[in-house]
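User: I am new to this subject and would like a close look at one part of this structure. Please explain how that part is built and how it meets its surroundings.

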Amino acid sequence: HPPKLQMEANSSWSQANCRAKGGAPGFKVAILGAAGGIGQPLSLLMKMNPLVSVLHLYDVVNTPGVTADISHMDTGAVVRGFLGAPQLEDALTGMDLVIIPAGVPRKPGMTRDDLFNINAGIVKTLCEGIAKCCPRAVINLISNPVNSTVPIAAEVFKKAGTYDPKRLLGVTMLDVVRANTFVAEVLGVDPRDVDVPVVGGHAGVTILPLLSQVKPACSFTSEEINYLTDRIQNGGTEVVEAKAGAGSATLSMAYAAVKFADACLRGLRGDAAVVECAFVASQVTELPFFASKVKIGRNGVDEIYPLGPLSEYERVGLEKAKKELAVSIQKGISFIRK
Ligand code: NAI
């Protein structure tokens with residue numbers, strides 16, 4: 001193939017190409033658990049994100065294949081793969097954003113809390129690496145149970161002396177994505193035009209959609225409120241059961257993770273008014289962590305918005321959510337302090 005041979009032989013072309021790659025503006029992003037069900041489509045979508053200049057893919061298995069595959073996409077981000085614990089530090093050094101979908105997913109009949117024993121240790125190890133190699137990075141934590149893994153990460157960072165609550169965000173975006181979809185179905189409108197705040201946490205009754213604050217303004221019957229709240233809270237289980245043992249949400253989660261990561265990168269870049277729901281260190285309630293709308297800026301979480309006026313139904317839901325959240329948060333904290 002003469003044209004291709006010419007290009008490869010032309011050293012000025014390849015040098016120019018290298019310079020362009022090395023100097024591309026953008027953020028350095030690492031994905032930990034990149035070879036998994038979420039990790040692979042998430043890596044694919046982040047390779048397409050124009051705000052990313054360098055993409056590090058880390059996992060304990062299969063990253064050479066995933067990296068080789070994704071690196072052939074003709075988008076700007078330079079992709080590098082890292083395999084196994086000895087390469088974790090290289091994967092993390094210099095990163096601006098670290099996205100963590102590492103860990104086991106649910107099977108039918110399991111709650112997210114059933115994953116605690118395995119995933120708590122994984123998150124602890126990864127966060128120790130972050131504290132050492134990129135303590136200023138913004139963290140998007142996806143591994144379940146998020147209600148406990150975010151407190152675990154906070155404790156690891158506190159121990160290491162690197163904790164910055166503005167930079168640690170538990171990803172609850174999939175609950176928002178589902179809420180927007182299901183509400184749009186009921187209203188008969190385009191889901192892209194719908195904005196449903198979802199607060200609390202990321203498991204069962206801790207997922208609290210604020211249907212009284214849906215934009216565009218609308219009202220629901222009490223049947224619709226019951227149906228929507230139940231479907232949003234159990235959306236994950238709907239997927240787990242449909243997959244019948246093959247895992248939990250991966251594709252919609254990768255979509256949600258990228259939507260959230262993109263918001264974080266736009267915030268870090270200095271864009272105004274980047275607001276998303278996330279599970280963060282918070283004073284919105286008496287609990288140390290809570291999910292609500294937050295503004296993301298150059299240093300991570302800039303501002304945490306109060307819940308706003310709640311309906312009676314939501315006030316009851318909030319009390320239930322807080323009860324379960326308190327236990328899950330404490331479980332995460334105790335895992336590190338013990
Ligand atoms: P998966 O099992 O397909 O992939 C997990 C990946 O993590 C695997 O490739 C595995 O090798 C890797 N891994 C395991 N230990 C690791 C370590 N020490 N370091 C780096 N990588 C490691 O699971 P899937 O479906 O991708 O789910 C991942 C996690 O995301 C689960 O905990 C799941 O519950 C959670 N999840 C969270 C959601 C959310 O809304 N926050 C939604 C859906 C899933």
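Analyst: **From K28 into the annotated domain**

K28 counts as buried, because 20 other C-beta atoms lie within 10 Å of its own, and 20 is enough for that label. The model is predicted, and the description that follows should be read with that in mind. K28 lies in strand β1, which runs over residues 27-32. Neighbours within four places in sequence aside, K28 is in contact with S53, V54, G94, M95 and D96. K28 can also be placed relative to L268: 240 residues separate the two in sequence, while their C-alpha atoms are 12 Å apart in space.

An unreviewed UniProt entry annotates residues 28-170 as "domain: Lactate/malate dehydrogenase N-terminal". Over residues 28-170 the chain is 39% helix and 21% strand. The C-alpha atoms at the two ends of this stretch are 19 Å apart.

Within these residues, N62 deserves a short remark. N62 is found in the loop between β2 (52-59) and α4 (63-71). The phi angle of N62 is near 65 degrees, a positive value in a residue other than glycine. N62 is partly exposed, because its 16 C-beta neighbours inside 10 Å fall between the limits of 12 and 20.

Further along comes helix α6, residues 116-133. C133 belongs to this helix. With 18 C-beta neighbours inside 10 Å, C133 is partly exposed. Beyond four places in sequence, C133 is in contact with E89, L92 and T93. C133 and V29 are 104 residues apart along the chain, and their C-alpha atoms are separated by 13 Å. Helix α6 also has a part in the surroundings of the ligand: with four residues, it gives the most to the shell. That shell has 33 residues, of which G33, G36, G37, A102 and N144 come nearest to the ligand. By character, the shell divides into 18 nonpolar, 13 polar and two charged residues.

N144 leads to another feature of the backbone. N144 and P145 are joined by a cis peptide bond, with omega about -10 degrees. P145 is placed in the loop between β5 (138-141) and α7. In the unreviewed UniProt entry, N144 is covered by the annotation "binding site", together with R106, R112 and R178. R112 lies in the loop between β4 (97-100) and α6. R112 is buried, because 25 other C-beta atoms lie within 10 Å of its own. Not counting residues up to four places away in sequence, R112 touches R106, N144, P145 and A203.

The nonpolar interior can be described next. The largest nonpolar core has 103 residues, and L97, V98, A153 and A257 touch the most other members. The largest share of this core, ten residues, comes from helix α11 (residues 251-269). A153 touches V123, C127, I139, L141 and L168, leaving out residues up to four places away in sequence.

Two annotated residues beyond residue 170 help to place the part in its setting. The first to consider is R178, found in helix α8 (residues 173-187). R178 counts as buried, because it has 26 C-beta neighbours inside 10 Å. Apart from residues up to four places away, R178 touches I232 and G235. The other is H202, where the unreviewed UniProt entry places the feature "active site". H202 sits in the loop between β7 and β8. H202 is buried, with 27 other C-beta atoms within 10 Å. Beyond four places in sequence, the contacts of H202 include V146, N147 and G170, and also T172, D175, I207, F279 and A291.

Finally, helix α12 (residues 312-337) connects with several of these elements. Its 26 residues should span 38 Å at 1.5 Å a residue, and its end C-alpha atoms are 37 Å apart, which agrees. Among the buried residues of α12 are E314, G317, L318, A321 and L325. An α-helix has 3.6 residues a turn, so residues three or four places apart point the same way. What covers the buried residues of α12 includes α6, α7 (146-160), β7 (198-200), β8 (207-209) and β10 (289-297).

Notes:
Residues are numbered from 1 along each chain as its sequence is written. This is a predicted model: local features need pLDDT of at least 70, side-chain atom pairs count only at pLDDT 80 or more; totals for chains, interfaces and linings use all residues. A nonpolar core is a set of buried Ala, Val, Leu, Ile, Met, Phe, Trp, Tyr and Cys residues joined through C-beta atoms within 7 Å. Two residues are in contact if their C-beta atoms, placed from the backbone, lie within 7 Å. UniProt positions are given in the numbering used here, feature names are shortened, and annotations may be inferred rather than shown by experiment. A residue is near a molecule or strand if its C-beta atom, placed from the backbone, lies within 6 Å of it. Ala, Val, Leu, Ile, Met, Phe, Trp, Tyr, Cys and Pro count as nonpolar, Asp, Glu, Lys and Arg as charged, and the others, Gly among them, as polar. The expected span of a helix is 1.5 Å times one less than its number of residues.
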